[in-house]
Amino acid sequence: HRGNPILTAADWPYAVNTVFNPGATLLQDGTTLLLCRVEDLRGHSHLTAARSANGVDGWYVDEVPTLYPDPENWPEELWGVEDPRITYVAELDAYVIVYTSYSRGGPGVSLALTKDFKTFERYGAVMPPEDKDAALLPHRIGPYWALIHRPVGPFGAHVWISYSPDLRHWGSHKMILEARRGAWWDANKIGISPPLIETPEGWLMIYHGVRNTPSGALYRLGLALFDLETPERCTLRGDTWVFGPEADYEREGDINNVVFPCGYTVAPDGDTLHMYYGAADTSIALATASIRSLLDWLRENARSTTRQGGF
């Protein structure tokens with residue numbers, strides 16, 4: 001968007017260091033809500049909502065934090081809450097927020113429900129450290145809820161799926177997309193970016209890949225597609241990245257060379273995608289795309305795979 005960045009710390013009604021990595025959703029009245037990660041002057045993060053009639057400008061930011069860490073009751077939030085992904089779940093008539101909770105044990109995955117972004121029902125930690133980059137699918141797969149997440153193990157950081165009958169107890173864990181090795185742009189460490197996008201051709205995943213360079217990590221985005229009925233099965237994966245840091249506000253900030261989306265909205269045409277992303281861990285920016293064009297690109301530029309875990 002030519003007006004990027006669309007939100008910075010200067011737009012906040014109270015003193016903060018940076019604002020970035022927002023979850024996003026459309027409210028019932030058509031308002032765009034961003035649940036923004038806000039880093040305070042201690043280096044700890046909380047979540048604050050910003051609302052806009054058109055999703056581009058005229059933002060109204062909550063006067064106080066919307067979801068603040070509560071380590072007395074939820075000790076996993078001791079050092080902050082970060083990187084929310086929002087999924088509206090029609091069966092629950094509620095928004096499910098999956099976010100990173102940071103404690104002495106490291107980053108884990110927590111879950112909360114809300115109907116109004118004013119009161120929240122916390123479910124607490126659903127995946128222990130080290131795990132993050134998580135989002136819920138918007139409806140059950142068969143009788144089970146499905147959660148996409150990114151645990152870290154001794155052989156890298158890959159994307160997994162887990163299933164639950166009640167959003168509290170999770171099992172049937174499967175790796176669904178594997179970080180490549182060697183000189184690839186998405187070697188060793190990957191993770192989902194916004195929640196998966198349901199299309200007639202499958203679940204479209206925008207994921208980030210991290211390449212470590214002598215000057216630091218470089219975050220870019222790629223695409224993969226998963227079967228609608230068995231989302232652990234990857235059907236297409238692009239070899240090249242489709243979006244990376246180019247503008248000054250993406251290349252220079254608290255963490256240079258980072259584009260990191262946690263949320264999107266879809267326009268009434270059902271095709272125009274508004275992707276909201278953190279730029280250099282410092283500000284919030286907007287990019288738009290056509291979902292159809294992303295699927296076309298995958299068909300033309302991806303290899304097919306029937307093996308779980310991608311490549």
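A pocket, as the word is used in these legends, is an open set of grid points where a 1.4 Å probe fits, with protein on both sides within 12 Å along at least five of seven lines. The model shown in every view is a predicted one.

**View 1. The largest pocket and its lining.**
The largest pocket holds about 470 Å³ of space. Its lining is made up of 17 residues, and those that lie nearest the centre of the pocket are Thr25, Tyr88, Tyr264, Thr265 and Val266. At least two lining residues come from each of strand 1 (18-26), strand 5 (81-89), strand 15 (197-199) and strand 19. Sorted by class, the lining of this largest pocket has 12 nonpolar residues, four polar residues and one charged residue.

**View 2. The second largest pocket and its lining.**
For the second largest pocket the volume is about 300 Å³. The residues that line this second pocket number 18, with Asp83, Lys132, Lys189, Tyr219 and Phe260 lying nearest its centre. Two or more residues of the lining are given by each of strand 5, strand 9 (131-136) and strand 10 (145-153). Nine residues in the lining of the second largest pocket are charged, while seven are nonpolar and two are polar.

**View 3. The open sheet of strands 19, 20 and 21, with helix 2.**
In this view three strands form an open sheet, arranged in the order 19-20-21 and paired in the antiparallel sense. Strand 19 (259-266) and strand 21 (283-290) are the edge strands, and each has a single partner strand, so one side of each is left without a neighbour in the sheet. On average, and with direction ignored, neighbouring strands of the sheet are turned by 25 degrees against each other. Strand 19 and strand 20 (residues 272-279) run antiparallel and are joined by seven bridges, and within this part of the structure Phe260 has Gly278 of strand 20 as its bridge partner. Helix 2 (residues 291-301) packs on the sheet and touches strand 19, strand 20 and strand 21, and the direction of the helix makes about 75 degrees with that of strand 21.

**View 4. Leu298 and its surroundings.**
Leu298 is a residue of helix 2, shown here together with the residues that it touches. The relative accessibility of Leu298 is 1%, and this residue therefore counts as buried, a term that applies under 20% relative accessible area. Leaving aside residues up to four places away in sequence, Leu298 touches Leu204, Leu223, Ala224, Leu225, Leu236, Arg237 and Gly238. For one of these, Leu236, the C-alpha atom is separated from that of Leu298 by 6.9 Å, although the two residues are 62 residues apart along the chain.

**View 5. Strand 7 between strand 6 and strand 8 in sequence.**
Nine of the nine residues of strand 7 (residues 106-114) are buried, so this strand is largely enclosed by the rest of the structure. Strand 6 (residues 94-103) and strand 7 run antiparallel and are joined by nine bridges, and the two strands form a hairpin that has two residues between them. In this pairing, Ser101 has Gly108 of strand 7 as its bridge partner. Strand 7 also pairs in the antiparallel sense with strand 8 (residues 121-127), over five bridges, and here Val109 stands opposite Met127 of strand 8. The hairpin of strand 7 and strand 8 has six residues between the strands, and in this hairpin Phe117 takes a positive phi near 60 degrees.

Definitions and conventions: Residues are numbered from 1 along each chain as its sequence is written. This is a predicted model: local features need pLDDT of at least 70, side-chain atom pairs count only at pLDDT 80 or more; totals for chains, interfaces and linings use all residues. Side-chain values use heavy atoms; hydrogens and water are left out. Two strands pair if DSSP finds at least two bridges between them. Helices (H or I, at least four residues) and strands (E, at least two) are DSSP runs, numbered from the N terminus. Axes are lines fitted to C-alpha atoms, for helices over the stretch in contact, and angles run from 0 to 180 degrees between N-to-C directions. Contact means heavy atoms within 4.5 Å. Buried means under 20% relative accessible area, exposed over 50%, partly exposed in between (1.4 Å probe, protein chains only). On a 1 Å grid over the protein atoms alone, a cavity is a set of points where a 1.4 Å probe fits but cannot get out, and a pocket is an open set with protein on both sides within 12 Å along at least five of seven lines; lining residues have an atom within 4 Å of a point. Grid points are joined across faces, edges and corners, and a volume is the space filled by probe spheres set on the points. Ala, Val, Leu, Ile, Met, Phe, Trp, Tyr, Cys and Pro count as nonpolar, Asp, Glu, Lys and Arg as charged, and the others, Gly among them, as polar.
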